[in-house]
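Trainee: I am new to this structure and would be grateful for a close look at a single part of it. Might the open sheet and its surroundings be described in one connected account?

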Amino acid sequence: MGDVFEGYLDSPAGAAGARAADEMFDGDGSPRPEWQALAATLAELPAAELRARADQLASTFLDRGVTFDYAGEERPFPLDVVPRIIDAAQWARVEKGVAQRVRVLEAFLADVYGPMQVVKDGVVPRRVITSSSHFHRAAVGVEPAGGVRIHVAGIDLVRDEHGDFRVLEDNVRVPSGVSYVLENRQALTQVLPEALQAHRVQPVADYPQNLLAALRAAAPSGVDDPVVVVLTPGVYNSAYFEHSLLARAMGVELVEGRDLVCRGNRVYMRTTAGDRRVDVVYRRVDDDFLDPVHFRRDSVLGCAGILNAARAGGVSIANAVGNGVADDKLVYTYVPELTKYYLGEELILGNVPTYRLEIPAEREEAMDRLHELVVKPVDGSGGKGLVVCPDASAEQVEELRRRVLADPRGWIAQPVVALSTVPTLAGTQMRPRHVDLRPFAVNDGRAVRVLRGGLTRVALREGSLVVNSSQGGGSKDTWVLAGEDTVPEPAPAVPVPVAPPAPLPEEQHHVTDPGPGAGSEQAQQQQQSRQRTTSHQTREG
């Protein structure tokens, strides 16, 4: 191999030790078949040239405003110059497994907010559902158009020491991060064109069109030409860049809560030409802030009465209110049983082994080996609250033990997964770094389409298993290779927008860690505060 790979195979695998599987190189140190062309391209590039291209990536993102806030400083979001490659056979399993997962969770949510048969049949205890912080009784009995509650899903996967994909967690509230997928591909196409030309890489640019088709299909009954909007918490939200990007790409309006009003169980958008009826709201606002009639009464981010309108069939909300109960990490442990119950199938993509700490016997076993485990809050997102006990101090582990024993329902524990590694540029040399993967799926009620190229997040610090950008992580472009028999999916028929909204000012292009929600509840709490302050200042002025 070339100079950039010097010492790569001797590099430590980090916290996961020698168990971690490398995706580019096999056990003999030879590039795997799907990686051979890329390995050859990278080996031919001088280290200084590769470093220059990586710096060009950062400049491109800075120019486009794809930045994140780190300790009060705006930085370009870290995109590594080395893509991640997944061959057609591997992806076929991922695609089937993610689609199966979405179908199972759809059935579960319909049951949970309907007859609760899964409880009556003893598959899931009632307390597991009703004690979830994301189970909303206000959503019981709401029947969404077409029966779809999960219009967009982001299922987080990891590859273990055997190279097998496993599901780490489910994100079916308002999963974010697809803007990185689109931006990463565009940037890498410019910076590493010779590598892209040497591969048959599946496109990702059709995602907005597939999303728009699914949203239009979700329109209330009798609406032939639905009006779709993207509801954002506002310009200060950490995921605002994604909201604006998707709205522009779909050619629909980007609105805030103050732009909407409910009358007679219908939702209207205020425009200069008068109020215009809205049929589908792709909301990027968390449940607690969506409707002050049913949830937080002080919210200024949502639209009062929108849930009543959805219940009456006057508007469709994507994703549906209350989906977060399926994201609960304790509910996650029941997905294998739910798959058999609803589909009569075995899971295609297995779970990571997990301790249910609310069960005394499992809690006792986990407490005995706590120093070996990863412990997570059941409603956490973006790595918040997660403790990797092998890397924690004795004091931190004991504090965690006290918190778990005080609230066992609030936590789950898992063994440390030896996340696979992918070559990543560190300075001027390639080094193994741990990665995960978030494939995105769009459900239009007839089919679940999985975007052929998800969000790969990478832990840029040596030995780290934490991929979040706020903790030193970045991302990679994910190349899903086309097989010999790959047939491109026909694009759904969607009217081409005549006049998409104008681009946003550069200072509003800001992104941060993709989590299961629209910037997390804490971020929306901060947005709520800023929005109220801004409104007050406007009135005072």
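Mentor: A definition is needed at the outset: two strands are said to pair if DSSP finds at least two bridges between them. It should also be said that this is a predicted model.

With that in place, the sheet itself can be described. It is an open sheet of 4 strands in the order β7-β6-β11-β12, and the pairing is parallel. The edges are taken by β7, residues 253-255, and by β12. Each of these has a single partner strand, so one side of each is left without a neighbour in the sheet. On average, neighbouring strands of this sheet are turned by 30° against each other, direction ignored.

The pairing of β11 with β12 may be followed in detail. These strands run parallel and are joined by 3 bridges. V280 has S316 in β12 as its bridge partner.

Strand β11 covers residues 280-283, and R283 belongs to it. R283 has a relative accessible area of 2% and is therefore buried, since the cut-off for that term is under 20%. The side chain of R283 reaches the backbone oxygen of V285 at 2.8 Å. Leaving out residues up to four places away in sequence, R283 touches V174, L231, L290, I317, A318, N319, A320 and V321.

Two residues in that list, A318 and N319, deserve separate mention. They are joined by a cis peptide bond, with omega at about -10°. Most peptide bonds, by contrast, are trans. N319 lies in the loop between β12 (316-318) and α12 (329-332).

Next come the helices that accompany the sheet. Helix α9, residues 240-250, lies across β6 (228-231), β7 and β11, and runs at about 150° to β7. Helix α6, residues 178-191, meets α9: their axes come within 9 Å and cross at roughly 70°. The two helices are therefore roughly perpendicular to each other. On the α6 side the contact involves V178, S179, L182 and E183, and on the α9 side F241, E242, L245 and L246. By type, the residues of this contact divide into 5 nonpolar, 1 polar and 2 charged.

For completeness, some residues in other parts of the chain may be added. In the loop between β8 (260-263) and β9 (266-269) stands N265. Phi of N265 is near 60°, a positive value in a residue other than glycine. At 35% relative accessibility, N265 counts as partly exposed. M116, in the loop between α3 (88-112) and α4 (117-120), also has a positive phi near 60°. M116 counts as buried, at 9% relative accessibility. As a general point, most residues other than glycine have a negative phi.

A last residue to consider is T456, which is found in strand β21, residues 455-459. T456 is buried, with a relative accessible area of 0%. The side chain of T456 makes a polar contact with the side chain of T478 at 2.7 Å. T456 and L437 are 19 residues apart in sequence, yet their C-alpha atoms are 4.5 Å apart in space. Apart from its neighbours within four places in sequence, T456 is in contact with several residues, including R84, V435, D436 and G474.

Terms used
Residues numbered from 1 in each chain as written. Predicted model: local features only at pLDDT ≥ 70, side-chain atom pairs only at ≥ 80, totals over all residues. Heavy atoms only, no water. Buried < 20%, exposed > 50% of the residue type's maximum accessible area, 1.4 Å probe, protein only. Contact = heavy atoms within 4.5 Å. Polar contact = N/O pair within 3.5 Å; in protein donor to acceptor, adjacent residues only side chain to side chain. Axes fitted to C-alpha atoms, helices over the stretch in contact; angles between N-to-C directions. Parallel < 35°, antiparallel > 145°, perpendicular 65-115°, else oblique. Nonpolar A, V, L, I, M, F, W, Y, C, P; charged D, E, K, R; others polar.
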